[in-house]
Amino acid sequence: MMTKRLKLVIDGVPVPKGRPRFTKAGVAYTPAKTRDYEKQAAIIADIGMRANGLKMFECPVTVMATAYMPIPKSLSKKDRAATVAGVLLPAKKPDIDNIAKAALDGLNGIVWRDDALITGLSVKKLYSDRPRLEIDVYAGAA
């Protein structure tokens with residue numbers, strides 16, 4: 001049996017899921033930056049699904065995501081080299097779970113019917129000169 005797979009790349013600095021904000025009337029809403037990122041993820045997902053001739057997954061999926069964060073300009077040459085080698089890791093904000101949440105919410109209803117279908121999730125953060133979020137989705141266990 002051939003495993004269905006989808007690979008997506010969202011260029012730019014990964015955006016974490018923002019905390020809900022509230023109007024003066026007490027109505028909750030998602031911050032604009034988060035909404036915009038979720039829309040960008042949704043558009044890229046839709047294009048990827050169509051380009052690969054895939055239909056929305058109705059089965060369990062495993063998601064593997066890598067957030068490539070920008071290398072701080074303040075780092076020394078030695079530390080920059082360590083980031084490129086994957087030795088120095090971005091152990092700072094934004095939190096990895098919030099990065100995953102924003103992207104996965106954008107893919108919900110496009111790549112999979114409901115995010116309850118995600119049975120495996122692996123997320124990591126690395127530094128890169130080309131900030132982006134790479135997402136691999138596998139039908140079934142990976």
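**Warm-up**

Arg130 is partly exposed, with 44% relative accessible area, and the model it belongs to is predicted. Let's follow its contacts and a few others.

**Exercise 1.** Which residue does Arg130 meet in a salt bridge, and which parts of the chain does the pair tie together?

*Solution.*
- Step 1: The side chain of Arg130 meets that of Asp11, with N to O at 2.8 Å. The cut-off for a salt bridge is within 4 Å, so the pair qualifies.
- Step 2: Arg130 sits in the loop between strand S5 (118–128) and S6, while Asp11 belongs to strand S1, so parts 119 residues apart in sequence are tied together.
- Step 3: Asp11 is partly exposed at 45%.

**Exercise 2.** Find the salt-bridge partner of Asp129 and say where each residue lies.

*Solution.*
- Step 1: The partner is Arg80, with the closest N and O atoms 3.1 Å apart.
- Step 2: Asp129 lies in the loop between S5 and S6, and Arg80 in helix H2 (residues 77–84); the pair therefore ties together parts 49 residues apart in sequence.
- Step 3: Asp129 is exposed at 61%, whereas Arg80 is partly exposed at 31%.

**Exercise 3.** Is Asp136 buried or exposed, and what does its side chain pair with?

*Solution.*
- Step 1: Buried means under 20% relative accessible area; with 12%, Asp136 is buried.
- Step 2: Its salt bridge with Arg5 is 2.7 Å, N to O. Strand S1 (residues 5–11) holds Arg5 and strand S6 (residues 132–139) holds Asp136, so the pair ties together parts 131 residues apart in sequence.
- Step 3: Arg5 is partly exposed at 42%.
- Step 4: Both residues belong to a salt-bridge network with Lys7, Arg132 and Glu134.

Conventions
Residues numbered from 1 in each chain as written. Predicted model: local features only at pLDDT ≥ 70, side-chain atom pairs only at ≥ 80, totals over all residues. Heavy atoms only, no water. Helix = DSSP H or I, 4+ residues; strand = E, 2+ residues; numbered from the N terminus. Buried < 20%, exposed > 50% of the residue type's maximum accessible area, 1.4 Å probe, protein only.
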